Amino acid sequence: MSRGIQAEMLIPLPELFDMKANVDYLTRDKNECMYTVEHHTITKVLAIGQERYVIQISPKDDSQLLVQCLDARPKDSLHRNEIASYICEWFDLERNIQPFYAMAEADPLLNQTLNKCYGLRIMGIPDLFEALCWGVIGQQINLAFAYSLKKQFVEQFGEKIEWDGQTHWVFPTYERIAQLTPNDLAGIKMTTKKSEYIINLAQLMASGELTKEQLKSMSMQEAEHTLVSIRGIGPWTANYVLMRCLRFPTAFPIADVGLMNAIKTLQEMDRKPTKEEILTLALPWRNWESYATFYLWRVLY
């Protein structure tokens with residue numbers, strides 16, 4: 001039996017935000033395990049320090065999100081602020097994307113994405129370890145299989161929260177994964193190499209050698225160099241994390257298969273575009289490469 005709503009807050013929405021466009025992105029695979037969506041209402045567990053909050057996010061109107069903490073009142077104003085900050089970062093609410101739209105409307109390629117994507121934000125992954133794991137898991141496999149592997153990983157090593165007859169998950173912590181060996185991950189149908197990469201990333205974070213704060217303090221080029229120097233992280237994974245977690249607007253996973261296929265589809269090509277062709281097309285996207293990529297991905301789903 002639900003114990004009712006214990007706390008709620010309102011988060012103002014910027015212009016150029018559409019809840020349906022963002023929910024459509026969030027529901028692109030049935031194996032998503034980090035939240036549930038029903039009638040444009042998102043339910044998710046947030047870990048704030050040692051506390052766990054089951055929250056629901058829904059549109060109150062065109063200008064506000066209603067955030068409800070279902071199982072407990074936030075412990076203090078700091079936790080309340082952290083919940084609001086997480087949601088703002090997840091939905092990229094503090095970015096003014098008017099300049100991107102001005103550019104995209106004049107761009108022959110991006111203009112074709114705007115009807116489907118109008119009001120879409122880059123849905124982020126605020127937790128660095130989660131973003132890195134998702135990047136590694138998704139290397140060189142299709143999206144559906146990547147979601148299946150993530151679900152196995154989360155359900156084996158994550159924290160389970162039961163609320164109102166449903167199970168919700170907290171992503172595995174790097175502290176826990178740092179203690180494992182590749183054999184411990186053998187039940188998950190990913191390669192041994194990927195298991196090694198994920199454990200190594202967890203150990204780097206557990207030791208303090210790799211932090212989100214450290215990476216965000218760098219230029220994009222420095223952050224990319226730092227990431228690609230880590231075993232198992234190439235330019236694609238680095239730019240994926242730079243884009244969806246560290247929020248560098250110039251991050252550009254140029255070798256992404258989805259990006260190539262989207263351009264191939266929109267350009268009605270009989271082959272994938274070359275890197276040189278993509279760079280030429282991307283000249284007008286300067287400073288908005290991440291949003292251009294995100295919108296082009298939506299062409300395929």
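This report describes the pockets, cavities and nonpolar cores of a predicted model.

**Open pockets**

The largest pocket has a volume of about 890 Å³, and 31 residues line it, with Ala-47, Tyr-86, Pro-126, Asp-127 and Leu-128 lying nearest its centre. Two or more residues of this lining come from each of β3 (41-48), α2 (77-90), α5 (128-137), β7 (166-170), α7 (174-177) and α9 (212-216). Strand β3 provides the largest share of the lining of the largest pocket, namely 5 residues. Sorted by class, the lining of the largest pocket holds 16 nonpolar, 5 polar and 10 charged residues.

The second largest pocket has a volume of about 590 Å³, and among the 22 residues that line this second pocket, Ile-141, Leu-143, Trp-236, Asp-256 and Gly-258 are the closest to its centre. At least two residues of the lining of the second largest pocket are supplied by each of α6 (143-157), α11 (235-244) and α12 (257-266), and the lining divides by class into 12 nonpolar, 6 polar and 4 charged residues.

**Enclosed cavities**

How many cavities of 30 Å³ or more does a search of the whole structure find? The search finds 2 such cavities. The largest cavity holds about 160 Å³ of space, and of its 17 lining residues, Tyr-35, Gly-124, Ile-125, Glu-130 and Arg-244 are the closest to its centre. The elements α1 (19-26), α2, α5 and α6 each give two or more residues to the lining of the largest cavity.

The second largest cavity has a volume of about 30 Å³, and its lining consists of Asp-92, Arg-95, Ile-122, Met-243, Arg-247, Phe-248, Pro-249, Ser-290 and Tyr-291.

The table sets out the volumes and the classes of lining residues for the pockets and cavities.

| Space | Volume | Lining residues by class |
|---|---|---|
| Largest pocket | about 890 Å³ | 16 nonpolar, 5 polar, 10 charged |
| Second largest pocket | about 590 Å³ | 12 nonpolar, 6 polar, 4 charged |
| Largest cavity | about 160 Å³ | 10 nonpolar, 1 polar, 6 charged |
| Second largest cavity | about 30 Å³ | 5 nonpolar, 1 polar, 3 charged |

**Nonpolar cores**

The largest nonpolar core has 107 residues, and within this core Ile-83, Phe-100 and Leu-227 touch the most other members. Helix α5 gives the most to the largest core, with 8 residues, and α5 is also one of the elements that give two or more residues to the lining of the largest pocket and to the lining of the largest cavity. When residues up to four places away in sequence are not counted, Leu-227 touches Leu-132, Leu-215, Ile-233, Ala-238, Val-241, Leu-242 and Leu-246. A second core, separate from the largest one, has 6 residues, including Val-45, Leu-70, Ile-161 and Trp-163.

**An exposed helical residue**

Thr-280 lies in helix α13, which covers residues 275-281. Is Thr-280 buried or exposed? Thr-280 counts as exposed because its relative accessible area is 52%, and the term exposed applies over 50%. Trp-163, one of the members of the second core, is 117 residues from Thr-280 in sequence, and the two residues are 50 Å apart in space, C-alpha to C-alpha.

Note on methods. Residues numbered from 1 in each chain as written. Predicted model: local features only at pLDDT ≥ 70, side-chain atom pairs only at ≥ 80, totals over all residues. Heavy atoms only, no water. 1 Å grid on protein atoms, 1.4 Å probe; cavity = no way out; pocket = protein on both sides within 12 Å on 5 of 7 lines; lining within 4 Å. Points joined across faces, edges and corners; volume = space filled by probe spheres on them. Helix = DSSP H or I, 4+ residues; strand = E, 2+ residues; numbered from the N terminus. Nonpolar A, V, L, I, M, F, W, Y, C, P; charged D, E, K, R; others polar. Core = buried A, V, L, I, M, F, W, Y, C linked by side-chain atoms within 4.5 Å. Buried < 20%, exposed > 50% of the residue type's maximum accessible area, 1.4 Å probe, protein only. Contact = heavy atoms within 4.5 Å.
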